[in-house]
Amino acid sequence: MLYNEDRPLSLDELRGHEINKQIFRSQLKNQKFGHAYLFAGHHGSGKTTVARIFGRAAVCEHPTENGPCMECEACKRFGSSIDFVEIDAASNTGVDAIRDKVIEAVKYKPAELKKKIILIDEVHMLSTSAFNALLKTVEEPPENVIIFLCTTELNKVPKTIVSRCQKFIFEGIPQNEIEDGVFDSAKKHGIDIEPDAVRLIAKIADGSMRDALSLLEQASSSGTVTESMVAEMTGYGSAIAVESILDGYVNADYDLMFQGVEEFLRTSSVNTLIEALMEKLIDRIVTHDGVDYIPLVNGLSEIKGKNVSQAAIKVVLYKVGCEESKIAALEKRVSELEEALKNGVVISSDSAEVVTEDVPSKVANEGVNDVSGAESEAKGTNTPDKDERSEDELLEALNAAGFSDVTVAEENPFEEPVEVPVVKEEKVVEKKKEPETKFPGFSSPWDW
Ligand SMILES: [Zn+2]
C-alpha cells in the first residue's frame with residue numbers, strides 16, 4: 001500500500017499539524033516524554049504515524065528533534081520488536097484484548113528496547129470493561145512504558161482516560177499539503193498523473209493523506225492518472241451532476257439541469273439518479289435554504305421506481321422547473337424594482353407597463369442617497385416639496401404591477417435616505433410554504 005510505503009518516518013516528512021509539531025519537536029529534543037498520549041482527530045491525518053515516530057524516537061540511540069535516526073539497532077528492530085505492541089481496537093474491542101496484549105505486556109520490563117511502546121488505534125471502539133481495564137495502566141503506567149491512544153471520535157473516549165493523557169488534536173491536512181504529498185508520491189513511484197488529477201484527488205481526500213494516496217494507487221493501475229478517471233472512479237462526477245441539477249432547479253436553468261442529467265446517466269441509471277437527487281434534497285431541505293423544493297420532490301416521487309427514460313426525467317424537471325421559474329421571475333422583478341427605486345430610476349418592465357415618465361425625477365427629488373449630485377443637477381431640480389400625486393401614482397403603479405402593500409418612508413428625505421419600498425412577498429411566501437400539491441399523497445417531503 002502506497003500509504004504505508006510512504007508513511008513519514010520523521011516530523012519533517014509529516015504534512016500539516018505545524019503547531020503540534022513544534023511541541024513534539026520540543027519533547028523529542030529534550031527527550032522528555034509523557035507516559036500517555038491521546039491523538040484525536042481527522043482520519044488519515046497522521047495520528048498513528050506520529051505515534052510511531054514518537055515511539056521509535058523514544059527508544060532510538062541517536063534521536064533528533066525530528067524523530068528517530070532510523071539507523072541504529074533499536075530503530076531497525078522497532079517495528080517487529082516484542083516491546084512494541086500495536087492494537088487496532090476496531091477489531092479488538094473486548095476486555096480480553098486489553099488484558100492479554102496490554103496489561104500482560106506492561107507487567108514485564110522491556111526485553112529488547114529501552115521502553116515498551118503501546119499503541120492503541122481507534123481506541124474509542126473499546127468496550128466499557130476494556131476501558132476500565134485500561135484505566136489503571138493509563139493512570140499509573142509502569143516505568144519505561146509509553147502509551148499512545150489514537151481516535152477519530154474523541155467524544156466516545158471516557159473522560160477518565162482523556163484526563164490522564166497529553167491530548168493533541170489532529171485537524172485535516174490542508175489541501176495544498178495533500179497535493180504536494182500526492183505529487184511527491186507519484187514522482188517517487190513513477191506514476192504519471194495530470195496536475196488536475198492531483199488537485200481533484202486532494203479535494204476528494206478532504207484532509208486525509210491516507211485517502212489521497214489510496215486513490216492515487218487505485219487510479220494508477222491503468223496508466224496515466226487523469227482528472228476524469230479520478231472523477232469517474234470516485235463518483236465525484238455524479239455528485240457534481242446532482243448538484244448541477246439542483247442548482248439548475250433553483251435558478252430555473254434548464255440547460256444546467258439537463259447537462260446534469262446527461263452527465264449522471266453516463267455512468268448510472270435513472271433510478272439511481274432519482275435516489276441521489278432525493279438524498280441530496282433532504283440535505284438541502286434541512287438546511288432551510290429558503291427554496292421551495294416540494295414541486296421537485298413531488299415530481300420525483302411520481303416517477304420513482306418506475307424505471308423511466310432519460311427523456312421522462314427531463315420532462316419532470318422541466319415541469320417543476322417551470323413552476324419554480326415563475327417564482328424566480330417574480331423575485332427578479334421585485335429586486336429590479338427595489339434597485340430601481342433605490343437608484344432613483346424606475347425601469348419599465350415588459351410585464352408591468354406601469355411606470356410614468358415623471359417617477360424617476362420624482363424619486364430623485366426626494367433626496368435618495370445614491371443619486372449623485374451631478375445627476376440631481378442635470379435634472380435641474382432638488383426641491384424638498386413632496387409631490388403626493390406622484391407618490392400615489394408610484395404606489396398605484398406598483399400595486400397594478402401585482403405588488404401589494406408598497407410603502408414609502410415618511411421621514412424627512414434630507415435627513416434619512418428614502419426607505420426602499422417594502423414589497424411584501426406574500427404571494428411568494430405562500431407559494432413556498434403551501435405549494436400546490438400536484439401529486440396527492442406527496443404533500444410533504446417526509447412522505448416519500
Ligand atoms: Zn535510531
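Let's start at Glu 122, which sits in the loop between β3 and α6 (128-139). This is a predicted model, and in it Glu 122 has a positive phi of about 50 degrees, although this residue is not a glycine. Is Glu 122 buried or exposed? Glu 122 counts as buried, because it has 22 C-beta neighbours inside 10 Å and the cut-off for buried is 20 or more.

There is another residue with that kind of backbone, so let me put the two side by side. Gln 31 also has a positive phi of about 50 degrees and is not a glycine either. Gln 31 belongs to the loop between α2 (18-30) and β1. Its surroundings are another matter: Gln 31 is exposed, with 11 other C-beta atoms within 10 Å.

Back to the loop after β3. Val 123 is in the loop between β3 and α6 as well, and it counts as buried with 30 C-beta neighbours inside 10 Å. What does Val 123 touch, leaving aside its neighbours within four places in sequence? The contacts are Ala 89, Leu 149, Cys 150, Thr 151 and Val 157. You can also look across to Leu 38: Val 123 and Leu 38 are 85 residues apart in sequence, and their C-alpha atoms are 9.3 Å apart in space.

Now, the sheet. Please turn the model so that you can follow the strands. The sheet is open, has 5 strands in the order β2-β3-β4-β1-β5, and its pairing is parallel. β2 and β5 (166-170) stand at the edges with a single partner strand each, so one side of each has no neighbour in the sheet. On average, neighbouring strands here are turned by 15 degrees against each other, direction ignored.

Let me walk through two of the pairings. Strand β2 (residues 84-88) pairs with strand β3 (residues 116-121) in the parallel sense, over 5 bridges. To find the register, take Glu 86, whose bridge partner in β3 is Leu 119. On the next step along, β3 and strand β4 (residues 145-151) pair in the parallel sense, again over 5 bridges. Here Ile 120 is your guide, with Leu 149 as its bridge partner in β4. You may recall Leu 149 as one of the contacts of Val 123.

How do we get from β2 to β3? Helix α5 (residues 95-107) takes part here: β2, α5 and β3 make a right-handed β-α-β unit. Another helix to pick out is α3 (residues 47-59), which lies across β1 (36-41), β2, β3, β4 and β5 and runs at about 170 degrees to β4.

That brings us to the packing. In soluble globular proteins, nonpolar side chains tend to be buried together. In this model, the largest nonpolar core has 46 residues. Which of its residues touch the most other members? They are Phe 39, Phe 54, Ile 118, Leu 134, Ile 147, Phe 148 and Leu 149. Helix α3 gives the most to this core, with 7 residues. Let's take Leu 134 as a sample: not counting residues up to four places away in sequence, it touches Ile 98, Val 102, Leu 126 and Ile 161. Apart from this core lies another, of 23 residues, including Met 257, Phe 264, Ile 274 and Val 297.

One more helix deserves a stop. Helix α10 (residues 209-219) is mostly covered, with 8 of its 11 residues buried. Those buried residues are Met 209, Arg 210, Asp 211, Ala 212, Leu 213, Leu 215, Leu 216 and Ala 219, so you will see Arg and Asp on that list too. Where does the cover come from? It includes α1 (2-5), α8 (175-188), α9 (195-205) and α11 (227-234).

Let me zoom out to the whole chain. The protein has 20 helices and 5 strands, and buried residues make up 34% of its 448 residues. Among contacts with a separation of 6 or more, 70% are between residues 24 or more positions apart.

Finally, a word on confidence. The mean pLDDT of the protein is 79, and 75% of its residues reach 70 or more. Over residues 351-391 the pLDDT stays under 50, and the model has 53 contacts there beyond four places in sequence. Residues 423-448 are also below 50, with 37 contacts in the model beyond near neighbours in sequence. Thanks, everyone, and I'm happy to go back to any view.

How values were computed
Residues numbered from 1 in each chain as written. Predicted model: local features only at pLDDT ≥ 70, side-chain atom pairs only at ≥ 80, totals over all residues. pLDDT = per-residue confidence, 0-100. Contact = placed C-beta atoms within 7 Å. Pairing = 2+ DSSP bridges. Helix = DSSP H or I, 4+ residues; strand = E, 2+ residues; numbered from the N terminus. Right-handed = clockwise from strand over helix to strand, strands pointing away. Axes fitted to C-alpha atoms, helices over the stretch in contact; angles between N-to-C directions. Buried ≥ 20, exposed ≤ 12 C-beta atoms within 10 Å, placed from the backbone. Core = buried A, V, L, I, M, F, W, Y, C linked by C-beta atoms within 7 Å.
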